[in-house]
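Me: Could you take a close look at one part of this model for me? I would like to hear about its helices and what surrounds them.

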Amino acid sequence: MPEPETDAPPEPAEPAGPAPLGVVRAPTGDPGVDALLERLADADHLSADGHSEVYEDVHRGLRETLSALDAGPAPAPVPAPMPSYNHRS
């Protein structure tokens, strides 16, 4: 015997919650870069609409790190001139 039809709409399916992607992040040896890459794991606990904030934050940090490399080391300080001893009497 078939089930009677009802006018009630079907229950909406619950969306699946956030799930880790399982992407392995290998250490680079640079503590700053490694910390930024670990920040990507935060996206594993967010819904998809929260991922862009994490990705933008990591991207900004990586750009700053690369820009610092392009700038090179700070110039060496110029030593003070040696005093002149030509004023002997």
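Reply: Happy to; here is a walk along two helices and their surroundings.

This is a predicted model, where local features need pLDDT of at least 70, side-chain atom pairs count only at pLDDT 80 or more, and totals for chains, interfaces and linings use all residues. Residues are numbered from 1 along each chain as its sequence is written, and side-chain values use heavy atoms, with hydrogens and water left out.

Let's start with helix α1, residues 31–39 (helices are DSSP runs of H or I, at least four residues, numbered from the N terminus). Its buried residues are V33, D34 and L36 (buried means under 20% relative accessible area, exposed over 50%, partly exposed in between, with a 1.4 Å probe and protein chains only). Seen down the axis of α1, these buried residues fall within an arc of 160°, so they line one face of the helix (the arc is that of the directions from the helix axis to the C-beta atoms). At the N-terminal end of α1, D30 acts as a cap, with a side-chain oxygen 2.9 Å from the backbone nitrogen of G32.

The cover over the buried residues of α1 includes α2, residues 48–71. Helix α2 holds H51, which is buried at a relative accessible area of 18%. A polar atom of the H51 side chain lies 3.0 Å from the backbone oxygen of A43. Leaving aside residues up to four places away in sequence, H51 touches A43 and L46 (contact means heavy atoms within 4.5 Å).

Y55 is also found in α2, and at 38% relative accessibility Y55 counts as partly exposed.

Terms used
Helices (H or I, at least four residues) and strands (E, at least two) are DSSP runs, numbered from the N terminus. A polar contact is a pair of N or O atoms within 3.5 Å; within protein, one must be able to donate a hydrogen and the other to accept it, and residues adjacent in sequence count only if both atoms are side-chain atoms.
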